[in-house]
Amino acid sequence: MRIAPVARCAVLALALAGCLAQSTVSADQPPLKIGFLASFSGPYADQNRDTDAAIAAFFKEHGDSVAGRKVQIIKRDDGGLAPENARRLAQDLVVSDQVDYLMGLTLSPNAMAAGQISTQAKKPTLLVNAGAYGVLEPNPYFARFSFTTGQETYPLADWASKQKLKSVYVIVTDFSSGIDAANTFRTAFEAKGGKIVGEEHVPVGSKDFAAYIQRIRDAKPQAIFAFLTVSGVPFMKAWYAGGGPQTGIKILATGDLVKESSLPALGDAAVGIVASTNYVLDHRSPVNDMFKRDMHAADPNAGVADFFTVATYDVMQAIYAVTAKQNGTVDADKTMALLKGLKLQSPRGPIEIDPQTRDCTQNIYIERTDKAGSGYVNTEIATYPQVRDPLEK
């Protein structure tokens, strides 16, 4: 087994040592190579920081081989929002490393670029994030284990309507997923009788929000809907420092804003945020309890589980399932047929890959961030069961 490069590799090596002893691998079988292409450095690196521990947890539970083939993870770092770099690295993994699967792809523009390689090479590619629309349709060898923006925004808009919120100001990052978030929230909220009183598209990586905040305050909405990725913390700190909470305007967001790893940086600015997400750390289930325990055992210095680590774990579940059904071979078309309709018990709850769209059907949770002692916690306050993307037919 090789995971390279791996942060805190000594700790992970110890955690995986027991798995090696358990593996039964045929001497004449080549390794099963999985190319893990994602943003391991740059502004989006935090989103993949603990995926090594998630993979180690999976190996601890299921061993490091499947159908007689030792599993080899080959990591490549696209460095952030860099589609051409992602395309080149995907090609290198397919041609030079001869991987059996591709996985990862943090950002949708990068996924679209890598999709050119996946399609040309007929290489099954399992997405850990990349939630924008238009990613799957032109790439028949893609399956998505994360979520679409509509899966999160439609339930959130429904929840807001049920709380008698009638006016919302939208602020999103100006790239494909942010634009999708604005469009889907607007569509869903207006369908419920709500009104969007203003909308801002801010450049990727923005840190100065003074002008935006003033325009929001002038519009006097009942709530803000925010999808800001790496700019979420600077926005919320500026909102809090400028007296935003005293206005009574509520903050609605997607779950990336209040990931547990972000809560210490947000501090009291996080309190009261209501977000929609496909994974809540404190979700109560035996699978989630085991996953969190095994992640910590694999690397005690790893952060807490989040929707990136859970999606990574589920991709590994799927690869094992479809490879085992093929007795260790990986036929591209048969693999995709097996992925369609695949059902798994995930730490987030039950999931299924939709047979028509290759997207993930799953629970969506509404969570609220509260202060708990000297820290902060996200608490499930509503569940929308088995949500299929509302815009896909």
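**Exercise 1. A lysine and an aspartate**

In this predicted model, find the salt bridge that Asp306 forms with Lys259, then work out where each residue sits in the chain and whether each one is buried or exposed.

*Solution.*
- Start with the distance: the closest N and O atoms of Asp306 and Lys259 are 3.7 Å apart. A salt bridge asks for a side-chain nitrogen of Lys or Arg within 4 Å of a carboxyl oxygen of Asp or Glu, so the pair qualifies.
- Next, place the partners. Asp306 lies in the loop between α10 (286-298) and α11, while Lys259 lies in the loop between β11 (250-254) and α9 (263-266). With these positions 47 residues apart, the pair links distant parts of the chain.
- Finally, check accessibility. Buried means under 20% relative accessible area. Asp306, at 9%, is therefore buried, and Lys259, at 6%, is buried too.

**Exercise 2. Two arginine pairs**

Take the salt bridges Arg49 with Asp50 and Asp100 with Arg69, and describe the distance and the burial of the partners in each.

*Solution.*
- The side chains of Arg49 and Asp50 meet with an N to O distance of 3.5 Å.
- Arg49 has a relative accessible area of 37%, so this residue is partly exposed. Asp50 has a value of 6% and therefore counts as buried.
- For Asp100 and Arg69, the closest N and O atoms are 3.3 Å apart.
- Asp100 belongs to the loop between α3 (83-95) and β5 (101-104), and Arg69 belongs to strand β4 (residues 69-77), so that distant parts of the chain, 31 residues apart, are linked.
- Both Asp100 and Arg69 are buried.

**Exercise 3. Counting and connecting**

How many salt bridges are there by this rule, and which residues are joined into one network by shared partners?

*Solution.*
- The count comes to 17 salt bridges.
- Arg76, Asp92 and Asp97 form one network through salt bridges that share partners.

**Exercise 4. A helix pair**

Describe how helix α11 (residues 307-325) and helix α12 (residues 332-339) are arranged, and which residues meet.

*Solution.*
- The two axes come within 10 Å and cross at roughly 120 degrees.
- Roughly perpendicular covers 65 to 115 degrees and roughly antiparallel needs over 145. The angle fits neither, so α11 and α12 are oblique to each other.
- The crossing of α11 past α12 is right-handed.
- On the α11 side, Ala318, Val322 and Lys325 take part; they meet Lys334, Thr335, Leu338 and Leu339 of α12.
- Sorted by class, this contact has four nonpolar, one polar and two charged residues.

Definitions and conventions
Residues numbered from 1 in each chain as written. Predicted model: local features only at pLDDT ≥ 70, side-chain atom pairs only at ≥ 80, totals over all residues. Heavy atoms only, no water. Axes fitted to C-alpha atoms, helices over the stretch in contact; angles between N-to-C directions. Helix = DSSP H or I, 4+ residues; strand = E, 2+ residues; numbered from the N terminus. Parallel < 35°, antiparallel > 145°, perpendicular 65-115°, else oblique. Left-handed = near helix turned anticlockwise from the far one by under 90°. Contact = heavy atoms within 4.5 Å. Nonpolar A, V, L, I, M, F, W, Y, C, P; charged D, E, K, R; others polar. Buried < 20%, exposed > 50% of the residue type's maximum accessible area, 1.4 Å probe, protein only.
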